Structures are given as structure tokens and as C-alpha cells.
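Here's a quick tour for anyone who likes to look at a model before setting up a calculation. Have the viewer open and follow along.

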Amino acid sequence: DVYKRQPVAAFKNAICVKVLPKVKSGKILRKTMKKIFEQKEYSFPGNIEDASVLTYIEEVAGEFKKMH
């Protein structure tokens with residue numbers, strides 16, 4: 001059966017946040033958020049709409065790590 005051989009994408013956790021970090025063109029900084037949650041070093045994008053959002057995401061990531 002073809003469906004049995006297809007890979008399945010699954011995630012372990014979901015977190016709701018009030019705002020997402022975006023660049024001025026509207027793209028969401030997914031790679032940066034991933035690095036923050038993996039506690040890896042990331043480069044600060046120069047064209048971000050609101051720099052305080054990354055601080056907020058860092059706080060959320062810290063709280064998440066405490067719970068898990």
C-alpha cells in the first residue's frame with residue numbers, strides 16, 4: 001500500500017505566543033526561533049520589525065525549558 005510507506009511528520013509540543021518575530025517584508029523568522037528554542041547562538045537580523053519580540057521569544061523558551 002502506498003500510504004504505509006509515506007513519511008509522517010509529527011511534533012512533540014506546541015506553544016502559543018502573543019506575537020511572532022517578523023522582518024519588514026512580513027516573513028516569520030522560523031530559523032531564528034528554532035535556534036532560540038535549541039539554545040543555540042543566532043544572528044540578530046537587521047531588518048526585523050520589532051526587536052523586542054526576540055526577547056519575548058527567549059523568555060517563552062526559558063519558561064518552556066523549565067516546564068520540560
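By class, the residues lining the largest pocket come to 7 nonpolar, no polar and 3 charged. Keep in mind that this is a predicted model. The space inside that pocket is about 290 Å³. If you want to pick out the lining in your viewer, select Ile15, Val17, Leu20, Met33, Lys34, Phe37, Glu38, Ile57, Phe64 and Lys65. Lys34, Glu38 and Lys65 are the charged members of that set.

Which helices each supply at least two residues of this lining? Helix H1, spanning 30-37, and helix H2, spanning 52-67, both do. Those helices also sum up the secondary structure of the chain, which comes to 2 helices and 0 strands.

Now for a couple of individual residues. Thr32 is found in helix H1. Its contacts, leaving aside residues up to four places away in sequence, are with Tyr42 and Leu54. Is Thr32 buried or exposed? Thr32 counts as buried because its relative accessible area is 12%, and the cut-off for buried is under 20%.

Gln39 sits in the loop between H1 and H2. The backbone there is worth a glance: Gln39 has a positive phi of about 55 degrees, although it is not a glycine. With a relative accessible area of 64%, Gln39 is exposed, since the cut-off for that label is over 50%.

Here are the two residues side by side.

| Residue | Place | Relative accessible area | Label |
|---|---|---|---|
| Thr32 | helix H1 | 12% | buried |
| Gln39 | loop between H1 and H2 | 64% | exposed |

Zooming out, how does the whole chain look? The radius of gyration is 15 Å, whereas a compact globule of 68 residues would have one near 11 Å. Taken along the principal axes, the C-alpha atoms fill a box of roughly 50 × 35 × 25 Å.

As for burial, 21% of the 68 residues count as buried, and Thr32 is one of the buried residues. The chain exposes about 6000 Å². Carbon and sulfur atoms supply 53% of that exposed area.

One last item concerns contacts along the sequence. Take the contacts between residues at least 6 apart: what share joins residues at least 24 apart? The share is 50%.

Conventions. Residues numbered from 1 in each chain as written. Predicted model: local features only at pLDDT ≥ 70, side-chain atom pairs only at ≥ 80, totals over all residues. Heavy atoms only, no water. 1 Å grid on protein atoms, 1.4 Å probe; cavity = no way out; pocket = protein on both sides within 12 Å on 5 of 7 lines; lining within 4 Å. Points joined across faces, edges and corners; volume = space filled by probe spheres on them. Helix = DSSP H or I, 4+ residues; strand = E, 2+ residues; numbered from the N terminus. Buried < 20%, exposed > 50% of the residue type's maximum accessible area, 1.4 Å probe, protein only. Contact = heavy atoms within 4.5 Å. Rg over C-alpha atoms; globule rule 2.2 N^0.38 Å. Areas by Shrake-Rupley, 256 points an atom, 1.4 Å probe, with all protein chains shown as cover.
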